[in-house]
Amino acid sequence: MSIRCLFQPSALHWAWRTTALKSTLGRQQGVLRWTHSGGHSYRAVIFDMGGVLIPSPGTVAAEWEVQNHIPSGTILKALIRDGDSGPWMRFMRGEMTTEGFLEEFRRLCSEIAKTSVPVNSFFSLLTSEQVTKQFPVMTQAISQIRAEGLQTAVLTNNFYLSNGKSFLPLDRKQFDVVVESCSEGICKPDPRIYQLCLQRLGLQPSEAIFLDDLGQNLKAAASLGIHTIKVVQPEAAVKELEALLGLPLRVGIPNTRPVRKTMEIPEDALEKYLKGLLGTHDTGPMELLQFDHGQSNPTYYVRLADRQLVLRKKPPGTLLPSAHAIEREFKIMKALGNAGVPVPTVLDLCEDSSIIGTPFYLMEYCPGIIYKDPSLPGLEPSQRQAIYAAMNQVLCRIHSVDLQATGLDSFGKQGDYILRQVQTWTKQYRAAETSSIPAMERLIQWLPLHIPKQQRTTVVHGDFRLDNLIFHPEKAEVLAVLDWELSTLGDPFADVAYSCLVHYLPSSFPILRGFRDMDVTQLGIPTMEEYFRMYCLQMGIPPIENCNFYMAFSFFRVAAILQGVYKRSLTGQASSAIAKQSGKFPEFMAELAWDFAIKEGFRVFKEMPASKPLVRSYHAWAGSRPQRTPAGVRSSSTVAAASPSQETKGGLIISPEGLSPHVRKLYDRLLEFMKQNVYPLEPELQRHQASADRWSPSPLIEDLKEKAKAEGLWNLFLPLETDPEKKYGAGLTNVEYAHLCEVMGMSLYAPEIFNCSAPDTGNMELLVRYGTEEQKARWLVPLLEGRIRSCFAMTEPQVASSDASNIEASIREEDGSYVINGHKWWITGILDPRCKLCVFMGKTDPQAPRHQQQSIILVPMDTPGINVIRPLSVYGLEDPPGGHGEVRFKDVRVPKENIVLGPGRGFEIAQGRLGPGRIHHCMRLIGHSERALSLMKTRVMSRIAFGKPLVEHGTILADIARSRVDIEQARLLVLKAAHLMDVAGNKAAALEIAMIKMVAPSMAYQVIDRAIQAFGAAGLSNDYPLAPFLAWARALRFADGPDEVHRLTVAKMELRNHSRLQEPAAPRV
């Protein structure tokens, strides 16, 4: 166990904070100039990529040739063949496609080697994540350079990949300028590309330093007056750069100190062991430091030659039963690493105590940030939110590991985890007891009597908290989870609660600093309750009510652990200096645990049924119950009588003021989020959509998604009727969501930010309603988490697809699979690189009854045979990165288990998919209209024409009045349809749904058109959202079904409705 000393933030943490501060100042006051003591003045450092920031192609090629038995030097010879006119240089100038280059390069390599050379294998390795990880020493140096206010740039000879993106496996945020040969059409050593880089930096050559690994590139830079550094080894190059700049770029190993006297280990024996293990013959001294955390299992930093390692060992002396099981740590980390959970790479387990006195294991050192103060001082609230969201996400990843697939199903006992833990820690406490603690005695009695039923068994970390995580230096990403000593199989909520201990500890507490005495809302840190809800949402499970029990259990466990730490400190075994001062801490923790036990007791008491059941009457209307309609006559309100099960849905809420406190809080948070985060970024998001990178997701959108998750504004769309247990969504009714959806509709970018955008919403609802558990696990969970996107393939160019029975695409069963062929278009979202699932509609049996011919099948987008022919535009708008594609499916083979519900159920599923999803567009159109009217009012009050403000012209006033009336009428009809769906079901609301599909797009089109007219020519531009609003309002008169189909539906239902009061027939004349 590692209860860490949390007195000072790590050195790297402070470096990052300084980076953020100084970078901000530097950008505000102009680029800073760094003057070396030798008199040189530098303002920027320019880096090559291959051979400087990542391994060079030559290095990769040499290793690949050995592994594949290719004559040494073949690749390098082919790379330089024919100089500027050779295939490699043409490829890097963007003059060749990937396929064309590989074809010519294969011929050239085979000619040189006089044997067939599999260059595709080399190219795959060259561009793989395996070899494109940035050198940590360079990452650290760039961070330090930027911290001092200098600019950074990357100047690289690179190429386009087959997906159309340039090969740049770096975080672009590290650089002020990025210059790529493939997009500029010129390569190093052409002087023009250096001049281009300097021009974009706004510098003279003498103000820049350039790092490259190739002499010809350095010579060209030097000829222009740029100072150069040749990179042979990154470490040596950074050292030379430090000398030039006169500032340290390599931060020491944070959180380490010289090894304490009581924790010394035999270094000679360890060095000999390591040299044998690593195969190194380096004669340099081994460096050994001790981490200042790790009070249970002492942990050391070891550097030997160019290897940085971490050694973790058992403490010396007599140990408590089953404690300090480093063998289990090694096993779990190895299994989780293979399963994709971020953990340090483990290298070796040594159970031979003769080497250093106890068993130990070794892992790779993982540089990054460890936040030792959970209040994250010096960071912005949004940064804190992102860090805690990342922490929550990685915990979900741990709890989602497949136990059987990883071989961890026997890592611990299944079931009764909490009971066994209470028994274990009671024994540990008794074994370490030094005096009686009354609160511990009460807890030992209370906990076994109130243990909740365990719903799931997962890997549990056992010590999951912020300072056991290593974060990326420049973004909220967990690089590694540390300290797995207490891991086992058990109840995952124990980990969630444990990570919330700091919420209830004071900032002055020396063992585990907390923020009980701070305002977490102001800090931007989620409350304990919000953190639990965030976890449940990401895991797709219902929120839990008994979190107080888990908090009581967690504090009890810490009290028992601290008692053991204190007992060991008395004998000199505990590895932390502060451990000796910890005698009073177990009682403090036990009292906190008992406080939560009392809270849990009150919660249970409040939920006990009263002696006389409370009865409350509900009806479809918020007010009093209306008079019954005479038999045979349909009320003009068209509100169906609510069944008992439907009555709990409440009444028609026509304004946000009528929302329940919980939903109103969501609504207010959403309004504030839009105001603070979405509207200000719209110009930047629009510029991204018009840029060359438009087919890649905007990093801003991805950042906003994390913020939305952290604020609980995520997956709001799933209706209560579809998800009654609130397992996947927020549990809102259609009426409640209508009010929130209108707010999202005020920006074209907002729905995706809150994971409430089409076609994902419809596809997620389809999976919730009709998917198997396997289909949900594979597709629904990542969609709900926002990790992937999806598309829905129904519309076809050769038939009138408004009638789904016309669809011609085929789904044919063959050899235990389904083979798909068809031509689709207007497939929204299919161009998005995150689109991993296509929900495909086609015919399995053309001879079956008309509405039983179609089936729906789930098609992974990486299945061979899917060919996106072209993107389609809407009034010139491409709508990147998802777009709308024309696609051919040719002999696409998918497993039979990918069929949804079974053959012939496609029409039924499509209708169900269009349940609540079919009114979401209408809800958003109300938001479009409100934003358009708001912009119009602002515009006409500030513009003057013909001698007076526009707002004083009668035609403008009339347009404003018409728009307000149109919006109010349409909103009421949308809310009425949503309400009927809640209380009577989608089928009973069919008429109202058809009516709003007729009304909302046309209404929005007219309101937006009036606003554009008031704006004049500016309304046609992309400087305002009006033109895109208008385009989508018009497009939705097709996309949501043609107006004609909705009119036909309304007319037929009206004519069938004989319950309407009718005028008597006119007499014959």
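These exercises work through sheets and helix packing in a predicted model.

**Exercise 1. The chain as a whole**

Task: State how many helices and strands the protein chain has, and what share of its residues is buried.

Solution:
- Step 1. The protein chain has 36 helices and 26 strands.
- Step 2. Of its 1069 residues, 55% are buried.
- Step 3. Take the contacts with a separation of 6 or more; residues 24 or more positions apart account for 72% of them.

**Exercise 2. The parallel sheet**

Task: Give the strand order of the open sheet with parallel pairing, and find its edge strands.

Solution:
- Step 1. The sheet has 5 strands, in the order 5-4-3-6-7.
- Step 2. Strand 5 (177-180) and strand 7 (227-230) are the edges, since each pairs on one side only.
- Step 3. On average, neighbouring strands of this sheet are turned by 20° against each other, direction ignored.
- Step 4. Inspect one pair. Strand 3 (residues 44-47) and strand 4 (residues 151-156) run in the parallel sense over 4 bridges. Phe-47 has Val-154 of strand 4 as its bridge partner.
- Step 5. Add the helix. Helix 10 (residues 215-223) packs on the sheet and touches strand 6 (208-212) and strand 7. The direction of helix 10 makes about 165° with that of strand 7.

**Exercise 3. The antiparallel sheet**

Task: Trace the open sheet of 6 strands and name the helices that pack on it.

Solution:
- Step 1. The order is 8-9-10-11-13-12, with antiparallel pairing.
- Step 2. Strand 8 (256-257) and strand 12 (346-350) form the edges.
- Step 3. Strand 12 pairs with strand 13 (residues 360-364) over 4 bridges, in the antiparallel sense. Here Val-346 stands opposite Met-363 in strand 13.
- Step 4. Helix 12 (residues 267-278) packs on the sheet. Its contacts include strand 9 (287-291), strand 10 (299-304) and strand 11 (307-313). The direction of helix 12 makes about 60° with that of strand 10.
- Step 5. Helix 13 (residues 326-338) also packs on this sheet, touching strand 11, strand 12 and strand 13. The direction of helix 13 makes about 155° with that of strand 12.

**Exercise 4. A helix pair**

Task: Describe how helix 17 (residues 438-446) and helix 21 (residues 547-570) cross, and classify the contact residues.

Solution:
- Step 1. The two axes come within 11 Å and cross at roughly 130°.
- Step 2. Helix 17 is therefore oblique to helix 21.
- Step 3. The crossing is left-handed.
- Step 4. Helix 17 contributes Met-440, Leu-443, Ile-444 and Trp-446. Helix 21 contributes Phe-549, Ala-552, Phe-556, Ala-559 and Ala-560.
- Step 5. The contact residues divide into 9 nonpolar, no polar and no charged.

Definitions and conventions:
Residues are numbered from 1 along each chain as its sequence is written. This is a predicted model: local features need pLDDT of at least 70, side-chain atom pairs count only at pLDDT 80 or more; totals for chains, interfaces and linings use all residues. Side-chain values use heavy atoms; hydrogens and water are left out. Axes are lines fitted to C-alpha atoms, for helices over the stretch in contact, and angles run from 0 to 180 degrees between N-to-C directions. Helices (H or I, at least four residues) and strands (E, at least two) are DSSP runs, numbered from the N terminus. Angles under 35 degrees count as roughly parallel, over 145 as roughly antiparallel, 65 to 115 as roughly perpendicular and the rest as oblique. A crossing is left-handed if the near helix is turned anticlockwise from the far one by less than a right angle, and right-handed if clockwise. Contact means heavy atoms within 4.5 Å. Ala, Val, Leu, Ile, Met, Phe, Trp, Tyr, Cys and Pro count as nonpolar, Asp, Glu, Lys and Arg as charged, and the others, Gly among them, as polar. Two strands pair if DSSP finds at least two bridges between them. Buried means under 20% relative accessible area, exposed over 50%, partly exposed in between (1.4 Å probe, protein chains only).
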